[in-house]
Amino acid sequence: MTRKQKRLAVIAGGMSFILVAVLLVMFAFSQSVAYFYMPGDLANNPVAPGTRIRLGGLVGAGSVVRGEGSVVRFAVTDPSGQIVNVRYQGILPDLFREGQGVVTEGTFETGSNVFTADTVLAKHDETYMPKDVADRLKAQGLWEEGKGAGQGEAIKGEQAKSQEAQAQQTKAQQTKAQQTKATP
């Protein structure tokens, strides 16, 4: 075997090793991928029982029913008006409630239209604000509990945030200056 043939054999061996590794990774991902659906999507394109999917939408009003132990049944709906009944066994997230956004992951039961979820993720609404920021805005009269910052008040809220950031920078500079003076 010449030197050129040895080099080609090493390159071919390396390429085949990389190809096998890529194929194994792709196979592993295909087994763990869960596609995202909303109830309206499932009405148009039904999913085979046993296929793992993510179901997202809003928790239907008046649909939460707690059963024995930690079994909970509820409905997931979307703006199209379609409803999917969900069964979940476990502890629900703190943010889970009727009318709130939710993403569940699981499969449809065989011979039934009930979605059996093994994971439930609750989404917070768009008016969420960290407690310390909300407290400061309340003190300035720019925030009301349960309403969030109104459209006209949104600009004031941004101004309050920038003022707060400036105050924090000034405080940090003063602290640094005091530390510098204290050091002999």
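**Exercise 1.** In this predicted model, determine which side chains meet Arg52 in a salt bridge, beginning with the one in which the N to O distance is 2.9 Å.

*Solution.*
Step 1. At 2.9 Å, N to O, the side chain of Arg52 forms a salt bridge with that of Asp118. This pair links distant parts of the chain, with Asp118 in strand S7 (residues 115–122) and Arg52 in the loop between H2 and S2, 66 residues apart.
Step 2. Arg52 also meets Glu105 in a salt bridge, at 3.2 Å from N to O. Because Arg52 lies in the loop between helix H2 (39–44) and S2, and Glu105 in strand S6 (residues 101–108), the pair ties together parts 53 residues apart in sequence.

**Exercise 2.** Establish which residues are linked in a network of salt bridges, and classify Glu105 as buried or exposed.

*Solution.*
Step 1. The side chain of Glu105 meets that of Arg54 in a salt bridge, 3.1 Å from N to O. Arg54 lies in strand S2 and Glu105 in strand S6, so parts 51 residues apart in sequence are tied together.
Step 2. The network links Arg52, Arg54, Glu105 and Asp118, and the structure holds three salt bridges.
Step 3. Buried means under 20% relative accessible area; Glu105, at 16%, therefore counts as buried. Arg54 is partly exposed at 37%, as is Asp118 at 44%.

**Exercise 3.** Describe where Ser63 is found and what its side chain reaches.

*Solution.*
Step 1. Ser63 belongs to the loop between strand S2 (53–59) and strand S3 (65–66).
Step 2. Its side chain reaches the backbone oxygen of Gly60 at 2.7 Å.
Step 3. With a relative accessible area of 16%, Ser63 is buried. Beyond its neighbours within four places in sequence, Ser63 contacts Arg73, Phe74, Ala75 and Glu98.

Notes: Residues numbered from 1 in each chain as written. Predicted model: local features only at pLDDT ≥ 70, side-chain atom pairs only at ≥ 80, totals over all residues. Heavy atoms only, no water. Helix = DSSP H or I, 4+ residues; strand = E, 2+ residues; numbered from the N terminus. Buried < 20%, exposed > 50% of the residue type's maximum accessible area, 1.4 Å probe, protein only. Polar contact = N/O pair within 3.5 Å; in protein donor to acceptor, adjacent residues only side chain to side chain. Contact = heavy atoms within 4.5 Å. Salt bridge = Lys/Arg side-chain N within 4 Å of Asp/Glu carboxyl O.
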